[in-house]
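Welcome! Please take a moment to look over the sequence and the 3D view, and then read on for a short guided tour.

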Amino acid sequence: MKTIINPGNPINGTLPHQSQLDLPGDKSLSHRAALFAALATGESKIENFQVSGVTRPLLNALKQLGVEWYLNGNRLIVEGRGLEGLHPPVGPVNCGNSATTLRLLAGALAAAGIPVVLDGSPGLRRRPMERIVLPLQRMGVPITAAPGGGAPLTLTERAADYSLHNIQYTLPVASAQVKSCLLLAALSAEGTSTLFEPGPSRNHTENMLCNMGVEVTNRQLKDPSGTIYATRLTPPAAPLQPLRFSIPGDISAAAFLIVAALITPGSQLTLNGVGLNATRTGLLDVLQKMGADLQVTVLTNKGGEPAGRITVHHSPLQAAEVNGPLVVRMIDEFPIFAVAAAFAQGTTVVREAKELRLKESDRITAICQELSHIGVDIQETPDGFLIHGGVCPRGGEVDAHGDHRLAMSLVVAGLACQEPVTVHGAEMTAESFPDFIPVLQALGSKIHTEL
Ligand code: S3P
């Protein structure tokens with residue numbers, strides 16, 4: 001499918017929009033809420049659940065594990081079965097393109113002692129899984145990866161009286177998916193587990209498990225090499241309590257609209273009900289440093305998850321440097337950050353972001369290739385990129401590399417180029433923001449698709 005974006009139209013308005021269009025609920029919170037609700041005892045009610053390409057595989061997997069759930073619009077009701085109540089699935093579980101689904105399920109099913117094969121799309125099979133397999137094996141989980149170290153992962157049956165060991169483990173790279181996988185496995189280990197990370201990865205698992213009655217804490221420790229982030233979990237004596245939770249809007253989806261407003265002259269946008277957890281707001285901080293006219297107001301804080309309003313106006317931007325803990329706090333935002341940087345005066349430098357090579361695409365190479373196709377002066381480095389920005393890109397034809405965030409970033413770039421941009425593969429937006437194009441159209445963008 002070809003998506004053609006005609007530049008030169010500002011975006012104006014407020015979300016939720018009068019047409020009922022809105023941001024999707026947060027993807028990370030949606031994955032956790034559905035899975036953790038299944039592990040609880042009793043009925044959970046989750047509002048504003050993200051119904052999308054990456055959450056469907058998790059919902060299907062839960063059905064395979066014997067969990068009943070009902071979806072009414074964006075309200076998800078889950079009949080929790082408790083860790084002991086899950087059934088071994090018939091056949092492999094297909095996690096689609098969702099690494100979060102695969103990694104979190106691996107931890108939960110390790111805790112439950114369920115034999116399973118966890119598989120996914122060819123793209124997901126390329127993602128690295130040793131990062132969970134090795135520590136899970138250290139905990140005594142009978143799990144193996146495919147020969148290249150990726151999916152399918154095979155978890156075999158273990159004796160009913162065999163308990164997992166607790167773990168003290170340092171993650172080589174900050175990762176909420178790895179941390180969450182190990183925290184879920186640690187729910188049924190003998191004794192307290194502690195995980196150490198070199199950066200502040202998102203803490204939604206900790207917040208949600210805390211709300212469900214688990215003793216889990218985050219602490220920052222200083223050591224000669226800098227700050228270390230420690231997470232400690234003690235297995236609960238009682239069953240997990242069910243959830244009553246309304247998921248805030250996805251800040252990582254909001255990011256595309258925020259940058260669209262910043263780079264398109266005449267734009268003005270207000271987003272309500274956006275998740276503002278500080279482990280996710282790195283992009284907002286760096287855009288403000290770049291001179292963005294961007295106001296962020298926290299209005300609620302339920303279950304440790306702040307949420308509120310973001311107001312943004314078109315702004316001239318200055319280049320920025322991004323490295324260190326900030327990389328972790330905006331790990332999903334680099335494709336759209338690169339678009340903002342292309343419109344910022346000066347040279348933007350991204351370093352210490354090698355992890356981007358292991359996302360839905362090699363995001364360093366893919367961003368550099370595609371932005372250079374529309375005339376952005378961008379240079380790839382081993383762990384990031386340099387952008388000499390401030391010249392309005394020409395426009396042209398680009399490809400989404402099968403990556404939803406690259407697809408949305410390229411569409412946004414097209415709103416402010418000199419000539420139209422044609423994006424191949426923009427249907428990938430359905431993975432995490434199914435209404436992305438209709439939302440942009442409702443706000444004033446001129447976008448159409450051709451088969
Ligand atoms: C996620 C964590 C991040 C992020 C992904 C969702 C999560 O991955 O890129 O989109 O929900 O835990 P890593 O923590 O592995 O970097």
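## A loop, its prolines and a ligand

P16 sits in the loop that runs between β2 (12-15) and α1. Keep in mind that you are looking at a predicted model. The peptide bond joining L15 to P16 is cis, with omega at about -5°. The loop between β2 and α1 also holds Q20. Although Q20 is not a glycine, its phi is positive, at about 80°.

There is another cis peptide bond to find, between A151 and P152, where omega is about 0°. To locate P152, look in the loop between β8 (143-144) and β9 (153-155).

**Around the ligand**

Now let us turn to the ligand. Which residues surround the ligand? They are K27, S28, R32, T100, S175, A176, Q177, R202, I331, D332 and K359. Sorted by character, the residues of this shell comprise 5 charged, 4 polar and 2 nonpolar ones.

Two helices, α1 (27-39) and α6 (176-186), each contribute at least two residues to the shell. The largest share comes from α1, which provides 3 residues. If you followed the loop with P16 and Q20 earlier, α1 is the helix at one end of that loop.

The table below lists some polar contacts, each made with an oxygen atom of the ligand.

| Residue | Part of the residue | Distance to a ligand oxygen atom |
|---|---|---|
| S28 | N or O atom in the side chain | 2.7 Å |
| Q177 | polar backbone atom | 3.2 Å |
| D332 | polar side-chain atom | 2.6 Å |

How much of the ligand does the protein bury? Taken alone, the ligand exposes 380 Å², and 96% of that is buried by the protein. The space that the ligand takes up is the largest pocket.

**Between two domains**

Why does the ligand lie between domain 1 and domain 2? Domain 1 covers 2-24 + 249-450 and domain 2 covers 27-235, and because both give residues to the shell, the ligand lies between them.

To retrace the tour in the viewer, begin at the cis bond between L15 and P16, and pass Q20 in the loop between β2 and α1. Then go on to α1, the source of 3 shell residues, and finish at the ligand itself, in the largest pocket.

Key. Residues numbered from 1 in each chain as written. Predicted model: local features only at pLDDT ≥ 70, side-chain atom pairs only at ≥ 80, totals over all residues. Heavy atoms only, no water. Near = heavy atom within 4 Å. Polar contact = N/O pair within 3.5 Å; in protein donor to acceptor, adjacent residues only side chain to side chain. Areas by Shrake-Rupley, 256 points an atom, 1.4 Å probe, with all protein chains shown as cover. 1 Å grid on protein atoms, 1.4 Å probe; cavity = no way out; pocket = protein on both sides within 12 Å on 5 of 7 lines; lining within 4 Å. Sits in = over half its atoms within 2 Å of the grid points. Helix = DSSP H or I, 4+ residues; strand = E, 2+ residues; numbered from the N terminus. Nonpolar A, V, L, I, M, F, W, Y, C, P; charged D, E, K, R; others polar. Domains from an automatic or database assignment.
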